Amino acid sequence: MFRARRYRAFLVCTAVFVFSFFYFGRTPDWAPEVFNSPPSPVDHEYVPPDLSGQEVAATPPHGFVPEPAQGRGGRGGDVGKTNPEQKGTPPEGEDVNTWNEIGFGPQGQGRFEVTLPESKRPEPHWKKHAEHFPVAEGETIQLPTGTAEKLPKLQASFHEESPPEKLQRLQRLAAVKEAFEHAWSGYKSSAMGHDELQPVKGGARDPFNGWGATLVDALDSLWIMGMQDEFAAAVEQVAHIDFTTSDRKDIPLFETTIRYLGGLLGAYDVSGQQYAVLLDKAVELAEILIGAFDTPNRMPLTFYYWAPDYVSQPHRAGVHVVLAELGSLSLEFTRLAQLTKQHKYYDAIARITNELEKMQPTTKIPGLWPLQIDASGCKKASSKATSEFDLDEEEEGVPAPSPAPVPFPNTGPPTDIESYMRLGERDDGASADQHTDGPTATTPDGNNQIRSRSPSEKDCQEGLISSPGSVDRFGLAGRADSTYEYLPKEYLLLGGLNDQYRTMYQTAMDVTREHLLFRPMVPDDRDLRFLATAIIHRTAKPGMPDVEYRYEGTHLGCFAGAMFALGAKTFGLDDDLKTATQLTEGCLWAYESTRTGIMPETFQLLPCADPHSCAWNQTRYHRALDPSEEGRLRRANHIQEQRLKFDEQAQHELETAGIAVPSEAPVIPAPPHDPSKVKRDTRHHDYYHDDGYDDDEAPQPTETPPRSIQPKDGAAGPPPGLPVLSHEEFVAARIRNEHLPTGMVDVISSKYLLRPEAIESVFIMYRLTGDSVWREKGWAMFEAISKHCRTDLAHSAISDVTVETPRFIDEMESFWLAETLKYFYLLYSEPDVLSLDEFVLNTEAHPFKRPS
């Protein structure tokens, strides 16, 4: 008979040996899948495995290499510093699986820093491969040609300054430039060549591939502010950037386009096109990025895995693509096509525009696009409704087999180091748990061409539809903003030669005015506007409204004032200039309402029933802060009943055990029942595109404990002794503990990330109207930001704008120098400095030369 105790030591040793063998003998978790090289031939002879007799791993039905978890990990593994914003809790009533699968969980991180251990292995580099799905000869969409249309004048006619006015303006201009020089000096001394400076403790971060996002993004700001020597030195640094390699195994297409490609092209244009290296580097980067469009329907991979052995395989676009990441590439690629005369760059974004145009009238809110789009081209909208899907070549509801790793052909012993690295390795990005079943094989030949593909690949050539899921969301703020913003700007950049952008913009704004614009109820009856988010539930239950609205203000949404103003001038939509004023004033009100004088990232508002008459109603506002006193009483009653029940059970068990029970048992304190004392619900959005939802805990109250009350109108209340806040106490506690500015129902995220959207609209409103009041409002913003965000090194994002002394977050994104301070500087510059009649400013405020 086997006796476990006798052989206990033997079993333990065996278990340790087996564990050690598998743990230490396996490939390290951090090692890149494609780049794990076999033992160096210098150490001992390496004999390549014989693959001739092995079964070739098969590909999935569509024949595509998988998209690994987007935006995650280094060159081949999920390692590095995780972004705290990756974790997310879905909004109330939404399934957590659906919430995470549509890109708000760990996937789709445009901003993601990777730290790999040092290695003596050669760094992998991107290589050009023949396209798998090239545009047929003669079908490339050409840049519009002809004489540019006579476009309306955008900038106002400005009056001549008086001496005091000029003196004040120059003083403010100098203050803004000093702030820029302070931040640039900190970056230069502590983080030059890296993506971002850590403005509090010093040092650098590299969340955007480590190519120097701040360096490239801020180039044109240096030139505009007259820092030509600094500009020339920065250009020399840019010349040494190697875009063909990165610690990140993926390239976030949207972020890379607006920060790097836009930065290079904007600097090239604003400096009079005298630095050829800037255009050369832009082309070098674009040649890498253009590979992201090599899909059956030419819709891009928004997270592009650049490694040669991944590029060599066919791919398709994602099923859950953020609208802004798809629709915000046009200005940069168009300008590159204009400068290089290479039509392929315009073709890439023109196909996206065409598909957006086709989709625009077919969505759940015709005229607007949902925030999440299926760009794969592998699914068709059902003839019954656009929200239902038929899966091509697949049974509905049955997932496609997972992709398989692709072995390399047996071509004899390797002849260089990179061949050793590639030999026998899995395809880049294939995760360890992927299956190997599938119908056909796909292997590259010596020229990296695809020998065979699944016949069903031809079916992944459809256009854009809504992503699968239970809801469609529509809005103009985070995850959508620059798609709409680029429509009038692209029209201007093309000299009015493509009317497609005008019609798409006007259609979208017609629907926006009807469905998304709302007036909030605020003190003093101020006539403000904000943009709501519309949510349509595809599986709405009986009695559930067709459309649910979230009435909120977001800093990202503050771009809309500038967009409406620009659209009003460009397309003759005169009434929209008033709307632009109302939207910009809404953001200024949010700045003025907090203790710091800075707008929160995200907050909720109370909409007016009548946008033409909306007097302040404090009773209604307080009811919104405490919508259900009876519900709180029910919960308190339930807690008390449970407490008494547990007390009785405990007493019974003690008596049964013969243990004496004191006549007066100590009172067990009631658990927290006041929502103002409990951690608030955490709601999380992701954006290139971040919508501002955070996981901050609400401040804990420190005031006198609440008193016990009896419910009104004879309602059943809790047993005596359980403290419950009255309606008045509850409201007062929320306002006090959450530092709620009057008019805001909830501050969802109280951060300020040095964002530029609000000052962008103030600047545009000044240039288009000539009204100096915008300069005064902008100065109040600048003083507040300078007071609370300046550090010894530069400027930092802050954690809470609703308190008098917010803490630093120790982050300074590239747009602080590239955009926010640039808009402040231009607000106090002469109007002919970067005139809007001569330049088009893209999302990152990079100036592209308009056709004359």
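Which residue lies over the face of Phe 839? Lys 849 does, at 4.7 Å from the ring centre. The points below begin with the chain as a whole and then turn to particular places.

1. The structure is a predicted model, and a reader new to it may wish to start with its overall make-up. The protein chain has 23 helices and 21 strands, and of its 852 residues, 56% are buried. Among the contacts in the protein chain with a separation of 6 or more, 78% are accounted for by residues 24 or more positions apart.

2. The aromatic rings deserve a look of their own, since a search of the whole structure finds 24 aromatic pairs. One of them is formed by Tyr 491 and Phe 571, an edge-to-face pair with 5.0 Å from centre to centre and 65 degrees between the planes. Because Tyr 491 lies in helix α14 (residues 481-493) and Phe 571 in helix α16 (residues 559-571), this pair ties together parts that are 80 residues apart in sequence. Tyr 491 is buried, and Phe 571 is buried too.

3. Another aromatic pair joins Phe 763 and Tyr 823, whose ring centres are 5.7 Å apart and whose planes stand at 40 degrees, so that the pair is tilted. Here too distant parts of the chain are linked, with Phe 763 in helix α21 (residues 757-769) and Tyr 823 in helix α23 (residues 815-827), 60 residues apart. Phe 763 and Tyr 823 are both buried.

4. Ring pairs also build up a cluster, which links Phe 518, Phe 530, Tyr 549, Tyr 551, Trp 589 and Phe 603.

5. Helices α16 and α21, each of which holds a residue of a pair described above, also pack with one another, their axes being 6 Å apart and at an angle of about 25 degrees. That angle makes α16 roughly parallel to α21, and the crossing of the helices α16 and α21 is left-handed. On the α16 side the contact is made by residues including Phe 559, Ala 562, Leu 566 and Lys 569, and on the α21 side by residues including Glu 757, Ser 761, Ile 764 and Leu 768.

6. Helix α7 (residues 253-270) and helix α8 (residues 276-289) have axes that come within 8 Å and cross at roughly 160 degrees, which means that α7 is roughly antiparallel to α8. The crossing in which α7 passes α8 is left-handed. Among the residues that meet there are Leu 253, Tyr 260, Leu 264 and Tyr 268 in α7, and Ala 276, Leu 279, Lys 281 and Leu 289 in α8.

7. Ser 330 has its place in helix α11 (residues 330-340) and, with a relative accessibility of 6%, counts as buried. When its neighbours within four places in sequence are left aside, Ser 330 is in contact with Ile 349, Tyr 486 and Glu 490.

8. Two loop residues may be checked for their backbone angles. Asp 525, although not a glycine, has a positive phi of about 55 degrees; this residue lies in the loop between β13 (517-518) and β14 (530-531), and with a relative accessible area of 40% Asp 525 is partly exposed. Ala 845, also not a glycine, has a positive phi of about 65 degrees. The loop that holds Ala 845 runs between β20 (839-841) and β21 (847-849), and Ala 845 is buried, with a relative accessible area of 0%.

Technical notes
Residues are numbered from 1 along each chain as its sequence is written. This is a predicted model: local features need pLDDT of at least 70, side-chain atom pairs count only at pLDDT 80 or more; totals for chains, interfaces and linings use all residues. Side-chain values use heavy atoms; hydrogens and water are left out. Rings of Phe, Tyr and Trp (its six-membered ring) pair if their centres lie within 6.5 Å; planes under 30 degrees apart count as stacked, over 60 as edge-to-face and the rest as tilted. Helices (H or I, at least four residues) and strands (E, at least two) are DSSP runs, numbered from the N terminus. Buried means under 20% relative accessible area, exposed over 50%, partly exposed in between (1.4 Å probe, protein chains only). A charge sits over a ring if NZ of Lys or CZ of Arg is within 6 Å of the ring centre and within 35 degrees of the ring normal. Contact means heavy atoms within 4.5 Å. Axes are lines fitted to C-alpha atoms, for helices over the stretch in contact, and angles run from 0 to 180 degrees between N-to-C directions. Angles under 35 degrees count as roughly parallel, over 145 as roughly antiparallel, 65 to 115 as roughly perpendicular and the rest as oblique. A crossing is left-handed if the near helix is turned anticlockwise from the far one by less than a right angle, and right-handed if clockwise.
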